[in-house]
Amino acid sequence: MQHRSPSRRTTLRSALGTALVLGCAGLGTGTAAAARQGGVFRDVRAFGGTWEGVYDGRRARLRIVVVRQSPGTLHTLYLTLTLTDLDRDETFTGSLEDLPATSHLAGGIALRGSAALTLRALVLHTRDTDRLSGTSVRDGRGFPLSFRRSGTGPAYVENRPFRDYRDWYGGYAGEGHYAGDLDGRPAELTVRREDTPEGTLIGFRLVDLDRGMTWGTALRESEVRRWPYDRQRDPLAGRTLTPARFLDEPLQVDSLYWHGANAAYVSGASAGPGGLYGMSFVRRAAPPAHGR
């Protein structure tokens, strides 16, 4: 295949994105307090237990029982997912067989309940197995989830539903700061809106606080304002984030969802050699309840 050099527009966008990311380098670099570390992932039995968290921003509880299949070394997960809000309770149940002992990722889990619900990816964070995140599919739409092992997580953060892309950075505030983790390592997410000579850009910056690694990218506001609602909730799906240091590896994003029922929560997964790796964040200050 003949090599084709990137177009001027592609080159310019890359340069602008890198500049915006590096321009954010001094923002939000305070220490992110991690909850009690659950330990490094060892085997599939770490899925077992009771998990408290959010499903697309709604309070939720997930119970998982791990059973070894005999004979052999494969395992079965039995799951009960309960979603709770002020108006209704919904419970979904299901199972997944033939999961290897070395797997921190479970996918394609069909749950039965009031509607068909599939857990597309359920990911244990390998550096802290008290954390679990992922995505699901319901009625053809994607919904994120984020859990802590029962007794280890912070209090639920009350907030309004996600409205549009301006909730990434907080409307007129122009900047949003989120604390959380990348695969169990303390991390920060900063989203910043900035006017440049080439137009208004929205920069995303992810920082691994343990390893001092930073990645980022930028999107043109003129483009994202035309995206449909569901795409605005998952703006970095399939994108590769550029490292701030030349020798660091890029970060491939599988998904990074803003939760539809609560814009304070963001979760998803990155893609690496071993499959998917969970990430989850909570906004430090809630978006304004009124106005933009």
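**Exercises on a predicted model**

D139 is exposed, its relative accessible area being 66%. The structure is a predicted model, and the exercises below work from its coordinates.

**Exercise 1.** Determine where D139 lies and what is notable about its phi.

*Solution.* Step one is to locate the residue: D139 sits in the loop that links β7 (131–138) to β8 (141–149). Step two is the backbone: phi of D139 is near 55°, a positive value in a residue other than glycine. Step three is the accessibility: exposed requires over 50% relative accessible area, and D139 has 66%, so D139 is exposed.

**Exercise 2.** Decide whether D183 is buried or exposed, and describe its backbone and its place.

*Solution.* First, D183 belongs to the loop between β9 (175–182) and β10 (185–196). Second, its phi is near 55°, which is a positive value in a residue other than glycine. Third, buried means under 20% relative accessible area; D183 has 13% relative accessibility and therefore counts as buried.

**Exercise 3.** Identify the peptide bond that joins S70 and P71, and place P71 in the fold.

*Solution.* The omega angle is about 0°, and the bond between S70 and P71 is cis. P71 itself is found in the loop between β2 (58–68) and β3.

**Exercise 4.** State which residues make the nonpolar surface patch of about 260 Å², and classify the accessibility of Y78.

*Solution.* The patch is made by V65, V67 and Y78. Of these, Y78 is in strand β3 (residues 75–84). The relative accessible area of Y78 is 42%, so Y78 is classed as partly exposed.

**Exercise 5.** Summarise the protein chain: its secondary structure, its burial and its contacts.

*Solution.* Begin with the elements: three helices and 16 strands. Turn next to burial: of the 292 residues, 51% are buried. The exposed surface of the chain is about 14,000 Å², with carbon and sulfur atoms supplying 51% of it. Finally, among contacts with a separation of 6 or more, 53% are between residues 24 or more positions apart.

**Exercise 6.** Establish which element has the lowest mean pLDDT, and how residues 1–36 should be read.

*Solution.* For the protein chain the mean pLDDT is 86, and 83% of the residues reach 70 or more. Among the elements, helix α1 (residues 8–23) has the lowest mean, 42, while strand β13 (residues 240–243) has the highest, 98. Over residues 1–36 pLDDT stays under 50, although the model has 54 contacts beyond four places in sequence for them. Where pLDDT is low, predicted coordinates should not be read in detail.

Methods:
Residues numbered from 1 in each chain as written. Predicted model: local features only at pLDDT ≥ 70, side-chain atom pairs only at ≥ 80, totals over all residues. Heavy atoms only, no water. Patch = residues over 30% accessible without salt bridge, like charges linked within 9 Å, V, L, I, M, F, W, Y side chains within 5 Å. Areas by Shrake-Rupley, 256 points an atom, 1.4 Å probe, with all protein chains shown as cover. Salt bridge = Lys/Arg side-chain N within 4 Å of Asp/Glu carboxyl O. Helix = DSSP H or I, 4+ residues; strand = E, 2+ residues; numbered from the N terminus. Buried < 20%, exposed > 50% of the residue type's maximum accessible area, 1.4 Å probe, protein only. pLDDT = per-residue confidence, 0-100. Contact = heavy atoms within 4.5 Å.
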